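Let's take a friendly walk through a protein fold, one piece at a time. Keep the picture open beside you as you read.

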Amino acid sequence: MRDHHPMPFGAELTPDGCRFRLWAPDVPTVTLCIEGPGPGREFPLTPDDQGWVDVVADGVVAGTRYRWRLPDGLMVPDPASRFQPDDVHGASEVIDPLAFRWTDGDWEGRPWEETVLYELHIGTFTPEGTFRAAIDRLDHLVELGVTAVELMPVADFPGRWNWGYDGVHLFAPDARYGRPDDLKALVDACHARGLQVFLDVVYNHFGPEGNYIYPLAGRHFFDSTKHTPWGAGIAFDAPHGKWVTDFFVHNALHWVDEYHFDGLRLDAVHAIEDSRDLDVLDRIAEAVHSREGHDMRRIHLVLENDLNSARRLKRDGRLPTHYVAQWNDDAHHALHCLVTGEGGGYYRDYAADPAAYLMRILAEGFAYQGEPSPHRGGEARGEPSGHLPPTAFVNFLQNHDQIGNRAMGDRIDSIARPEAVMAAESIVLLAPAIPLLFQGEEWGSRRPFLFFCDFGEDLHEAVRNGRRAEFESFPEFRDPAAREKIPDPMAESTFEASRLDWGELENPFHADRLAFTKALLSVRRQEIVPRLAAIDGGKARAELIADGVLAARWPLDDGTRLSLLANLSERAVDNIVPLQGRAIWTTNTAGGPSGALNPWAVIWAIEHAQ
């Protein structure tokens with residue numbers, strides 16, 4: 001089977017050669033420069049009244065390099081390039097999407113309820129840091145019990161290493177990781193093993209280097225009155241918003257159809273401003289879910305949204321209309337405060353009573369549902385979410401942000417007691433919300449995951465200083481000398497320190513933790529997943545029954561309920577009424593005083609409803 005998404009811009013092979021189409025409303029003329037292999041050719045073009053140039057060049061085949069020359073002589077790659085073999089400033093390459101032979105013709109995806117996400121960064125997941133090398137580790141993930149791989153962004157970024165959130169060629173997999181067919185081979189190999197594949201995409205900004213949309217269409221594509229942490233916002237609702245929106249709609253369809261991704265995670269959508277009744281997020285979701293002429297695979301769209309906008313997760317009965325779930329930072333922050341005792345920065349919003357916040361999260365989804373956020377200066381945050389099913393939320397104890405946003409890239413196992421971490425994992429992996437693990441978390445890796453990037457020299461000092469300035473308000477970094485110890489994001493050593501160490505598995509501690517995680521996911525597969533479709537929103541109940549001790553219950557259709565009892569504190573607690581029914585999991589319950597609930601004890605059971 002072969003597949004591709006025909007795009008209305010960029011380079012599209014035709015029976016006669018190749019059609020090149022570019023939006024360049026900010027320049028009076030533009031010249032297509034075909035560089036080879038073979039004789040070079042040039043096509044001077046004048047944009048039409050909408051800013052488009054369009055030409056079919058005969059004899060152009062896959063592998064041809066090309067660029068566009070502006071009136072001032074600047075040579076720019078195609079913003080819709082499918083591949084940049086020489087990085088973001090080099091020539092674009094014509095790609096034949098139909099050259100790859102897929103073997104996943106029978107793959108239909110998996111129901112959302114079966115999803116257990118495993119987030120990974122291609123560049124640090126293996127020693128080689130490539131798409132092909134990741135294939136060799138897929139059997140580990142299958143044996144672990146996860147059902148979905150989630151790739152951090154792979155769109156072409158400047159330099160040799162990057163988290164991926166500085167992409168500037170959104171249709172082109174980064175050449176450091178491999179060619180387009182290598183990424184397709186990874187997706188195909190995942191499907192052969194029953195694994196879904198999700199891709200993290202960034203539609204709220206472009207990186208600071210190599211964004212050649214600016215000289216071509218910057219005045220129409222960006223809006224300087226809309227401010228984001230990364231510069232001017234994207235002009236989705238401006239007069240030319242249709243063309244801007246189409247760029248991102250087709251990007252989503254490109255990854256889903258041409259690369260067979262089973263889902264997308266849209267990064268930081270709270271930074272997108274779009275005042276239209278049908279905004280860009282709605283349009284992307286509708287386009288993905290109404291694809292015509294393509295397979296009927298299950299496609300799942302997930303948001304990261306600091307606004308906690310429950311309306312984005314609306315259901316028609318039990319089925320999502322647009323977005324199936326949101327990453328739930330509230331769950332992470334409450335659990336992190338409980339297991340580490342930290343309360344600075346954004347943890348300030350949860351530190352006063354993290355168990356109470358976790359109680360609300362388990363029962364209703366979001367902790368903040370319109371209440372003022374102290375960290376945000378008292379600004380109201382969130383919308384009521386108790387009507388949503390638990391599967392509308394993705395919960396985690398670690399992810400790339402929550403590790404990498406720490407100055408030293410500390411993982412949770414480096415800053416919290418093992419029994420506390422295991423208690424938190426027992427909640428994340430067995431609660432009805434969809435769980436996510438970050439690479440190496442399954443074996444309790446202590447390898448840091450630091451912030452790293454590789455921009456041009458003109459940005460080095462600004463990036464270094466900006467990274468250190470982020471931590472000036474933290475007590476341990478108020479001294480400038482202490483901030484000097486924060487790893488340099490631009491240094492290769494920072495990137496290498498973040499590479500996953502598979503050799504840790506030879507250590508008995510890590511081997512035991514891996515067995516612990518596998519056992520949890522086995523229980524989830526057998527006991528939790530079959531019951532998830534029967535857990536509706538608005539029916540769960542949670543309560544604090546002692547300081548740090550909480551109970552939660554989710555009613556099921558068959559007259560039973562899924563129940564949790566957890567002591568998330570450092571002390572044993574007496575006189576706790578035990579759960580009734582069949583225990584399906586216990587953590588840290590052995591060897592304690594008779595009649596007491598041990599510190600960090602977690603019990604899950606199937607009870608008869610009362």
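## Two helices side by side

Helix axes are lines fitted to C-alpha atoms over the stretch in contact, and the angles between them run from 0 to 180 degrees, taken between N-to-C directions. Two packed helices are described by the angle between their axes and the distance between the axes. With that in hand, look at this predicted model and find helix α8 (residues 329–340) and helix α10 (residues 354–364), which pack at an angle of about 150° with their axes 9 Å apart. The crossing of α8 past α10 is left-handed.

Which residues make the contact? From α8 come Asp330, Ala331, Ala334, Leu335, Cys337 and Leu338, and from α10 come Pro354, Ala355, Tyr357, Leu358 and Ile361. Sorted by class, the contact of α8 with α10 holds 10 nonpolar residues, no polar ones and 1 charged one.

## Another helix pair

Now move to helix α6 (residues 241–258) and helix α7 (residues 280–289): their axes come within 9 Å and cross at roughly 35°. Here the crossing of α6 past α7 is right-handed.

On the α6 side you will find Thr245, Phe248, Val249, Ala252 and Leu253, and they meet Val280, Arg283, Ile284, Ala287 and Val288 of α7. This contact of α6 with α7 divides into 8 nonpolar residues, 1 polar and 1 charged.

## A closed barrel

Next come the strands. Strands of a sheet pair through backbone hydrogen bonds, either parallel or antiparallel. How many strands close into the barrel? There are 8, in the order β9-β10-β13-β16-β17-β20-β23-β24, with parallel pairing. From one strand to the next, the twist averages 30°.

Try tracing the pairing of strand β9 (residues 117–120) with strand β24 (residues 434–438), which is parallel and has 3 bridges. Leu117 stands opposite Leu436 of β24. Helix α12 packs on this sheet, where it touches β23 (393–396) and β24, and its direction makes about 130° with that of β24.

## An open sheet

A second set of strands forms an open sheet: 5 of them, in the order β25-β26-β27-β31-β29, with antiparallel pairing. The edge strands, β25 (541–546) and β29 (582–587), each pair on one side only. In this sheet the twist averages 15° from one strand to the next.

Within the sheet, strand β26 (residues 549–555) and strand β27 (residues 560–567) run antiparallel and are joined by 7 bridges. One pair to look for is Arg553 with its bridge partner Ser563 in β27. Helix α12 (residues 418–430) packs on this sheet, touching β27, β29 and β31 (602–608), and its direction makes about 35° with that of β31. Helix α16 (residues 508–532) also lies across β27, β29 and β31, running at about 150° to β29.

## A few residues to find

Asp223 sits in strand β14 (residues 222–228). Leaving aside residues up to four places away in sequence, Asp223 touches Ala232, Gly233 and Ala235. Asp223 and Asp237 are 14 residues apart in sequence, and their C-alpha atoms are 9.5 Å apart in space.

Finally, look at two cysteines. Are Cys190 and Cys453 buried or exposed? Buried means under 20% relative accessible area, so Cys190, at 1%, counts as buried. Cys453 is buried as well, with a relative accessible area of 0%. As for disulfides, the count comes to 0.

Conventions: Residues are numbered from 1 along each chain as its sequence is written. This is a predicted model: local features need pLDDT of at least 70, side-chain atom pairs count only at pLDDT 80 or more; totals for chains, interfaces and linings use all residues. Side-chain values use heavy atoms; hydrogens and water are left out. A disulfide is a pair of cysteine sulfur atoms within 2.5 Å. Buried means under 20% relative accessible area, exposed over 50%, partly exposed in between (1.4 Å probe, protein chains only). Helices (H or I, at least four residues) and strands (E, at least two) are DSSP runs, numbered from the N terminus. A crossing is left-handed if the near helix is turned anticlockwise from the far one by less than a right angle, and right-handed if clockwise. Contact means heavy atoms within 4.5 Å. Ala, Val, Leu, Ile, Met, Phe, Trp, Tyr, Cys and Pro count as nonpolar, Asp, Glu, Lys and Arg as charged, and the others, Gly among them, as polar. Two strands pair if DSSP finds at least two bridges between them.
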